[in-house]
Amino acid sequence: MSITRENVGQLAAEYADRQPQEILQLALDSFENIAISFSGAEDVVLVDMAVKIRPDVKVFSLDTARLHPETYRLLERVRERYGIAIEVMFPDAADVERLVQEKGLFSFYRDGHQECCGIRKVRPLRRKLDTLDAWITGQRRDQSPGTRAAIDVVEFDRAFSTEGHDLYKFNPLSNWTSAQVWQYIRSNDVPYNELHERGFVSIGCEPCTRPVLPNQHEREGRWWWEEATQKECGLHAANVSKD
Amino acid sequence: MRITLVKKIKADGSLCRKCAEVTERLEREGHMGRIDQVLIADERDPQSPGMLLAREYRVERAPFFLVEDDGGETRVYTVYLQFLKEVLQQQTSEAEEATEILRDNPDLDFL
């Protein structure tokens, strides 16, 4: 069955309560030109699940040049364990040089993280996504109730689709909790980032990631110096029902 | 081609921050004349025209643009710079676009 902008909503509803493996099967059956976005954190479970369906599944990762050594080591362990080629995407050197020369190495603490992430993550990601018909992410609803409460298991990717290029995004772990992810990691002896043993939950770039305390939400370990994301532009049903 | 801009009115009756920014920019750069109609998605009224369109097209962010081509096909744009580039054929920098994508898609914080 081919996935289109017209039927993707119906498929999302149909697969909303399915297991991640079933959603991955749908993704890999529906698209040949598809890849997993692997961040070097808990989303490693997607790689473990996907290679059991398609051993040569494509995987890519964004190397911002500011990652922890532990994350680089995990990338290598995953590459060796599953025998897959992880395509590592790098930011444009001229863009990084310009940012650093103009604003220094830690401008994000002062100006917010969007400009730096735009250069180091979004542009390389966009370059990669331009070559794909669909991608798979490890996004989960419980990671950030504020920004991810409505994430579907499959969706038309409005952020990265362009005129003449439709892109679809699969979020097989959307309905899983962190506890389910870790149960899977332990049960299947999946390699994981050593930083998790030191209190890191959500792992990104080294300067923008910190461990969290018990019962602190994982998002408090990322960009903690910034105010909570403004959600005033959301058009979710919840916004309406509150009023 | 017919272009509809949907702006959001918040529960307190004010225009959402991003909607105000986009409107100001459209006016400042002389593009407002290209917009055929402006509809309001009023948080206080789920039946307001903009809220109905948001539900119909499964749009979860404001502002957004609906662009209906002469063949009757409608495309939705939630990223202003993408709309500016693809529909109004204006030059935008890739750095500016990347930053806007992040600002408009807070769920990308998983990256």
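In this predicted model, chain A is built from 10 helices and 6 strands. A good way to get to know this chain is to begin with its overall dimensions. Along the principal axes, the C-alpha atoms of chain A fill a box of roughly 50 × 50 × 40 Å. The radius of gyration of chain A is 18 Å, and this agrees with a compact globule, because a globule with 243 residues would have a value near 18 Å. Of the 243 residues in chain A, 40% are buried. Among the contacts in chain A with a separation of 6 or more, 67% join residues that are 24 or more positions apart.

Part of the fold of chain A can be followed step by step. Strand β2 of chain A covers residues 58-62, and strand β3 of chain A covers residues 86-89. These two strands pair in the parallel sense, over 4 bridges. One pair of partners is easy to find in the structure: L62(A) has M89(A), in β3(A), as its bridge partner. Helix α4 of chain A, residues 69-82, joins the picture here, as β2(A), α4 and β3(A) make a right-handed β-α-β unit. In a regular strand, the side chains alternate between the two faces of the sheet.

The two chains also touch each other. Chain A gives 37 residues to the contact and chain B gives 34 residues. On the side of chain A that touches chain B, the elements giving two or more residues are α7 (114-129), α8 (145-148) and α10 (237-241). The largest share comes from α7(A), with 10 residues. Sorted by class, this side of chain A holds 11 nonpolar, 15 polar and 11 charged residues.

A few places in the backbone deserve a second look. Most residues other than glycine have a negative phi, and most peptide bonds are trans. W223(A) is not a glycine, yet its phi is positive, at about 50°. This residue sits in the loop between α9 (178-187) and α10 of chain A. Is W223(A) buried or exposed? W223(A) counts as buried because 21 other C-beta atoms lie within 10 Å, and the cut-off for being buried is 20 or more.

Chain B offers a companion case in Q89(B), a residue other than glycine with a positive phi near 55°. Q89(B) belongs to the loop between α3 (80-86) and α4 (94-104) of chain B. With 7 other C-beta atoms within 10 Å, Q89(B) is exposed. Chain B also has a cis peptide bond, from A62(B) to P63(B), with omega near 0°. P63(B) lies in the loop between α2 (49-56) and β3 (64-68) of chain B.

Notes. Residues are numbered from 1 along each chain as its sequence is written. Chains are lettered from A and ligands numbered from 1 in the order in which they are written. This is a predicted model: local features need pLDDT of at least 70, side-chain atom pairs count only at pLDDT 80 or more; totals for chains, interfaces and linings use all residues. Two residues are in contact if their C-beta atoms, placed from the backbone, lie within 7 Å. Ala, Val, Leu, Ile, Met, Phe, Trp, Tyr, Cys and Pro count as nonpolar, Asp, Glu, Lys and Arg as charged, and the others, Gly among them, as polar. Two strands pair if DSSP finds at least two bridges between them. A crossover is right-handed if, with the strands pointing away from the viewer, the path from the first strand over the helix to the second runs clockwise. The radius of gyration is taken over C-alpha atoms; the globule rule is 2.2 Å times the number of residues to the power 0.38. A residue is buried if 20 or more other C-beta atoms lie within 10 Å of its own, exposed if 12 or fewer, and partly exposed in between; C-beta atoms are placed from the backbone.
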